[in-house]
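Let's take a walk through this one together, starting with a single residue and working outward to the whole chain.

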Amino acid sequence: MPPPLRRRLTVAACLAWAVAGCSPGATLVSAGEAPAVTPENTSTPGLYLQRLHATYLRPGDCLLELPRDLIATLVSCEMPHAAEYAFIYVLPEGPWPGEAAAMRRAVDWCGPRLRVKASRRQEVRAGALLPLEREWPAQRTAYCLAVPRGAELVGRVLK
């Protein structure tokens, strides 16, 4: 991720966390806490921020950044974000193919199936969140994403 995008996303995340933490009834969930694998809404008027495991993603969810641990931070798609979730792909059975080969397989499968708005096709490419090697072969699910070709996405790109 280019440094200017990372900086903007970090600032947006910090601001969102601060606003969510100051609102009545807001609960912030960190990746290390047990509730992080269940949906935990931290919405405030005009702000949508949620941390959850990738298994809870719904088509059209926008991810603030691409996580390495499958715990995603969701934001309103109107905020700058790093990806929009589309659907899942189950990688074929067999030994762990390695991260590069798993990503290549997932992107090759996901890419042609992404339903991107015609006006936004040049802005995005296919990407994926991969299963963790330590959970392989029990978990072989890849999460297909629309990711920006440039710096960031703002607004929905998927139909």
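**A tour from one loop outward**

Start with Leu70, which sits in the loop between strand 2 and strand 3. This is a predicted model, so keep that in mind as you click around. The backbone at Leu70 is worth a look: phi is positive there, about 70 degrees, although the residue is not a glycine. Is Leu70 buried or exposed? It counts as buried, because its relative accessible area is 5%, which falls under the 20% cut-off.

Stay in that loop and move to Arg68. Arg68 is exposed, with a relative accessible area of 74%. Its side chain meets that of Glu99 in a salt bridge, with 3.9 Å from N to O. Where does each partner sit in the chain? Glu99 belongs to helix 2, residues 99–110, whereas Arg68 is in the loop between strand 2 (62–63) and strand 3 (71–75), so the pair links distant parts of the chain, 31 residues apart.

Now step from the loop into strand 3, where you'll find Thr73. Thr73 has a relative accessibility of 7% and therefore counts as buried, the cut-off being 20%. Its side chain makes a polar contact with the side chain of Arg51, at 2.6 Å.

On to the disulfides, of which a search of the whole structure finds two. One of them joins Cys62 to Cys77, with the sulfurs 1.8 Å apart. Cys62 lies in strand 2 and Cys77 in the loop between strand 3 and strand 4, so this link also ties together distant parts of the chain, 15 residues apart. Which hand does this disulfide have? The torsion about the S-S bond of Cys62 and Cys77 is about 95 degrees, so the disulfide is right-handed. Both Cys62 and Cys77 are buried.

The other disulfide connects Cys110 and Cys144, with an S to S distance of 1.9 Å. Here the link runs between helix 2, which holds Cys110, and strand 6, which holds Cys144; the two cysteines are 34 residues apart and in distant parts of the chain. The torsion about the S-S bond of Cys110 and Cys144 is -50 degrees, and the link is left-handed. Both of these cysteines, Cys110 and Cys144, are buried. Count the bonded cysteines along the chain and the pattern of the disulfides reads 1-2, 3-4.

Back to charged pairs for a moment. Side chains of opposite charge can pair when their charged atoms come close. How many salt bridges are there? The count comes to three, and the pair of Glu99 and Arg68 is one of them.

Another joins Glu84 to Arg156, at 3.8 Å from N to O. Glu84 is in strand 4 (residues 83–90) and Arg156 is in the segment after strand 6 (141–148), with their positions 72 residues apart in the sequence, so this pair too links distant parts of the chain. The two ends have their own surroundings: Glu84 is buried, with a relative accessible area of 1%, while Arg156 is partly exposed, at 41%.

Then there's the salt bridge of Glu123 and Arg120, whose closest N and O atoms are 2.8 Å apart. Glu123 is partly exposed, with a relative accessible area of 33%. Arg120, at 13% relative accessibility, counts as buried.

One more backbone feature to look up is the peptide bond between Trp136 and Pro137. It is cis, with omega at about 5 degrees. Pro137 is found in the loop between strand 5 (124–129) and strand 6.

Now zoom out. What helices and strands does the protein have? There are two helices and six strands, and from the N terminus on they run α-β-β-β-β-α-β-β. Of the 159 residues, 45% count as buried. Look at contacts between residues at least 6 apart in sequence, and 56% of them join residues at least 24 apart. As for the surface, the protein exposes about 8,600 Å², and carbon and sulfur atoms supply 55% of that area.

Methods:
Residues are numbered from 1 along each chain as its sequence is written. This is a predicted model: local features need pLDDT of at least 70, side-chain atom pairs count only at pLDDT 80 or more; totals for chains, interfaces and linings use all residues. Side-chain values use heavy atoms; hydrogens and water are left out. A salt bridge is a side-chain nitrogen of Lys or Arg within 4 Å of a carboxyl oxygen of Asp or Glu. Helices (H or I, at least four residues) and strands (E, at least two) are DSSP runs, numbered from the N terminus. Buried means under 20% relative accessible area, exposed over 50%, partly exposed in between (1.4 Å probe, protein chains only). A disulfide is a pair of cysteine sulfur atoms within 2.5 Å. A polar contact is a pair of N or O atoms within 3.5 Å; within protein, one must be able to donate a hydrogen and the other to accept it, and residues adjacent in sequence count only if both atoms are side-chain atoms. Contact means heavy atoms within 4.5 Å. Accessible areas come from the Shrake-Rupley method with a 1.4 Å probe; for residues, only the protein chains shown count as cover.
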